[in-house]
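Trainee: I have a model open and want to test my reading of it. Can we go through it feature by feature?

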Amino acid sequence: KEEDFEIIDKKQLPDAAELRKEEKAKPEEARWSAPILSLAKKASENLALSYGSALKSASLVGLVSKPGSSDSPAKTNSRCHTMEERANLMNMMKLSIKILIQSALSLGRTLDSDFPPLQQFFVVLEHCLKHGLKVKKTFIGQNKSFFGPLELVEKLCPEASDIATSVKNLPELKTAVGRGRAWLYLALMQKKLADYLKVLLDNKHLLSEFYEPDALMMEEEGAVIVGLLVGLNVIDANLCLKGEDLDSQVGVIDFSLYLKETQDNDGKQDGGITAVLDQKHYVEELNRHLSCTVADLQNKIDCLEKTNSKLQEELAAATDRIGSLQEEQQQLKQQNELIRERSEKSVEVTKEDTKVELDTYKQSRQGLDEMYSDVWKQLKEEKKIRLELEKELELQIGMKTEMEIAMKLLEKDTHEKQDTLVALRQQLEEVKAINLQMFHKSQNAECSLQQKTEAISSFEGKTNEMMSSMKQMEERLQQAEKARQAAEERCNKMKQELAGRLDACRQQMAQLDSKCSTLEKELKSEKEQRQTLQKELLQEKDATTLLKTELQQMEGLKKELRKLQDEKQQLKKVREEQEQALQEMGLHLSQSKLKMEDIKEVNKALKGHTWLKDDEATHCKQCKKEFSISRRKHHCRNCGDIFCNTCSSNELALPSYPKPVRVCDNCHTLLLQQCSSNSS
């Protein structure tokens, strides 16, 4: 299928022959423009292809207006314009990343902030992030910064918190644009720029607060750019943020970096027309970018002028405030001096008053202590009297309870005796009834009368005994009643006496209570006075403690001075001892030097000595006797020669051996002479 649009009108293009003639007529001018034309041609081809694909996709989705659609031509033009901008920015991003990676690989993959391709990469990335940004109004003016969406990365990815804190702590950065550039620098150095931007693209609902719906970061081009940024992880960037003015940098794309030198080929001369047109498009794009940057700079200048005027006003207000605060400070100093003098005077007056009050308090306290001791003695005596009365009351109450218990026992006895009398009367009635029955039976049977007369006589004896016992019981009852009446009279008398004593005790208790209440009131007043005096005493104690602490500090300082003096004397003694030791060491050193010289001489004399092998010696070196099984070989540890046992029986301590070792007679005499000369 054919495309729905045409990029160039072929009728308006000149012929190839005419162009060749013009190029031959002006060969010098065409040489320098050849690389620009070739690059512009490639860029225009890429732009045309991307633009055509974007238009096709937009027509399929419904963004591009069709003949029957109701959208206005202005809307379609604006959409096409934004699509062109997105495609151009994406192509520029591809070029910048490609050239940056190639140059980094050629230089060894480590780049500085002064590297031009790296600077242009950040400029292109800044344009991509600024595309479709919403304008936010502040009290200074309109703000359009890409640092706002970058701040979201800290919330979405906690690893980016270090970058955010380091950017905020940089004192040189004053604008949001500078902070955003510093953030991009640090993310590239961490090799996580693609990861952070991918996190942002995954949360497009948050990006919608900062970008328009048709912005580059909200469309598929943003995902493509993030995929391209992954290739920058190959580069090691060493960027220094200190000392760089990131706030005032002008973000202009330099297209001269992307121009390549091309060789003059005859086969490529036919594309001159398209190159001219592409160069025209390139210049127009440059003009558009420059106009945008000029407008941005003008807005920045206006904002800076407004902020400058406001800051000047704030400075004037601040200077006025500082002058007023200095005057207030002087007044406060004067007031503080007056208050200090008054407080010192009041402290002296209070000290004198407290001394007088202390003296009065001591005197009053002595009198109160005497009064308190007298009252306490009286209270003790009254308590003793009260205890004795309570004991007598308890004894009388105990007597009364015993009397009541005895009365109850007597009443029980009388009740029991009355019960026995009733029972005996019943028995008498029964006996009478039996007698009647027996009398009737005696009439009926006379034989039984004779037998039972004895029983009747016995019964009559029993009745007589019972009657005598009844009389005795009645006498006892009369005696008990008399005793009860006498006890009741005694109880009444005791009750009367106790009531009289209780009344007297109650009167005494009331008097004592009144005295106690008066004493308690006096004690309360004395306690209050005592509390006030205690508070004053505490204050004076605090003052005394402060003075004591100062005295202790002074004593501590004196002790420290003494210690320092003692240390000074000790150090003097140590210095003297060390000087003596140094003198002794000097003497020892001189002696050791002499010994070393002697040893060197001995070593020079003994340098020719070597350690002989057992096979080389067959006779003793001194006595010239032949070695055998009985005459064994022995090495001298000093000269290394082999001797017999008799010629090497001596032992001496050598410097190369810790213990005394075998030495020949000659070495023994030599070493002894050296020792004697050294000792002398």
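Trainee: Which backbone oxygen does the side chain of Ser103 reach, and at what distance?
Mentor: This is a predicted model, so treat each value as computed from predicted coordinates. Ser103 sits in helix α3. Ser103 is buried, at 14% relative accessible area. Its side chain reaches the backbone oxygen of Leu100, at 2.9 Å.

Trainee: Which residues does Ser103 contact, leaving aside neighbours within four places in sequence?
Mentor: Set the sequence neighbours aside, as you say. What remains for Ser103 is Phe115 and Pro117.

Trainee: Is Arg86 buried or exposed?
Mentor: Arg86 belongs to helix α3, which spans residues 73-107. Beyond four places in sequence, Arg86 has contacts with His131, Asp214, Ala215, Leu216, Glu219 and Glu221. The cut-off for buried is under 20%. Arg86 has a relative accessibility of 7%, so it counts as buried.

Trainee: How far can I trust the coordinates; where is confidence lowest in the protein chain?
Mentor: The mean pLDDT of the protein chain is 76, and 79% of its residues reach 70 or more. Strand β6, residues 642-643, has the highest confidence, at 91. Where pLDDT is low, the predicted coordinates should not be read in detail. Confidence is lowest, at a mean of 45, in helix α2 (residues 27-61).

Trainee: How many contacts does the stretch of residues 54-71 have beyond near neighbours in sequence?
Mentor: Over residues 26-37 the pLDDT is below 50, and that stretch has 10 contacts beyond near neighbours in sequence. Residues 54-71 also have pLDDT below 50. For residues 54-71, the number of such contacts in the model is 16.

Trainee: Which residues touch the most other members of the largest nonpolar core?
Mentor: Nonpolar side chains tend to be buried together in soluble globular proteins. The largest core here has 62 residues. Helices supplying at least two residues each include α3, α4, α7 and α10. The residues touching the most other members are Phe121, Trp183, Leu193 and Leu229.

Trainee: What does Phe121 touch, not counting residues up to four places away in sequence?
Mentor: Phe121 is one of the residues that touch the most other members of the 62-residue core. Two of those residues, Leu193 and Leu229, are among its partners. The full list for Phe121 is Met93, Ser96, Ile97, Leu100, Leu193, Leu229 and Leu232.

Trainee: How many residues are in the other core?
Mentor: That core lies apart from the largest one. Its members include Cys636, Ile642, Cys644 and Cys667. The number of residues in it is 16.

Trainee: Within what arc do the buried residues of α8 fall?
Mentor: The buried residues of α8 are Leu193, Ala194, Tyr196, Leu197, Leu200 and Leu201. They pack against α4, α5, α6, α7, α9 and α10. Seen down the axis, they line one face of the helix, because they fall within an arc of 165°.

Trainee: And what arc do the buried residues of α6 cover?
Mentor: In α6 the buried residues are Ile163, Ala164 and Val167. Their packing partners are α5, α7 and α8. They lie on the same side of α6, because around the axis they cover an arc of only 95°.

Trainee: How many disulfides does a search of the whole structure find?
Mentor: A disulfide needs two cysteine sulfur atoms within 2.5 Å. Cys620 is buried, at 1% relative accessibility. Its sulfur is 3.4 Å from the closest cysteine sulfur, in Cys623, and so too far for a bond. Across the whole structure, the disulfide count is zero.

Trainee: What is phi of Lys191 near?
Mentor: Most residues other than glycine have a negative phi. Lys191 lies in the loop between α7 and α8. Lys191 is partly exposed, at 31% relative accessible area. Its phi is positive, near 60°.

Trainee: Is Lys624 buried or exposed?
Mentor: Lys624 is in the loop between α12 and β5. Lys624 is not a glycine, yet its phi is positive, about 60°. The cut-off for exposed is over 50%. With a relative accessible area of 59%, Lys624 is exposed.

Trainee: How far apart in space are Ser656 and Arg637, C-alpha to C-alpha?
Mentor: Ser656 is in the loop between β7 and β8. Ser656 is exposed, at 59% relative accessible area. In sequence, Ser656 and Arg637 are 19 residues apart. In space, their C-alpha distance is 9.4 Å.

Note on methods. Residues are numbered from 1 along each chain as its sequence is written. This is a predicted model: local features need pLDDT of at least 70, side-chain atom pairs count only at pLDDT 80 or more; totals for chains, interfaces and linings use all residues. Side-chain values use heavy atoms; hydrogens and water are left out. pLDDT is the predictor's confidence in each residue, from 0 to 100. Helices (H or I, at least four residues) and strands (E, at least two) are DSSP runs, numbered from the N terminus. Contact means heavy atoms within 4.5 Å. Buried means under 20% relative accessible area, exposed over 50%, partly exposed in between (1.4 Å probe, protein chains only). A nonpolar core is a set of buried Ala, Val, Leu, Ile, Met, Phe, Trp, Tyr and Cys residues joined through side-chain atoms within 4.5 Å. The arc is that of the directions from the helix axis to the C-beta atoms. A polar contact is a pair of N or O atoms within 3.5 Å; within protein, one must be able to donate a hydrogen and the other to accept it, and residues adjacent in sequence count only if both atoms are side-chain atoms.
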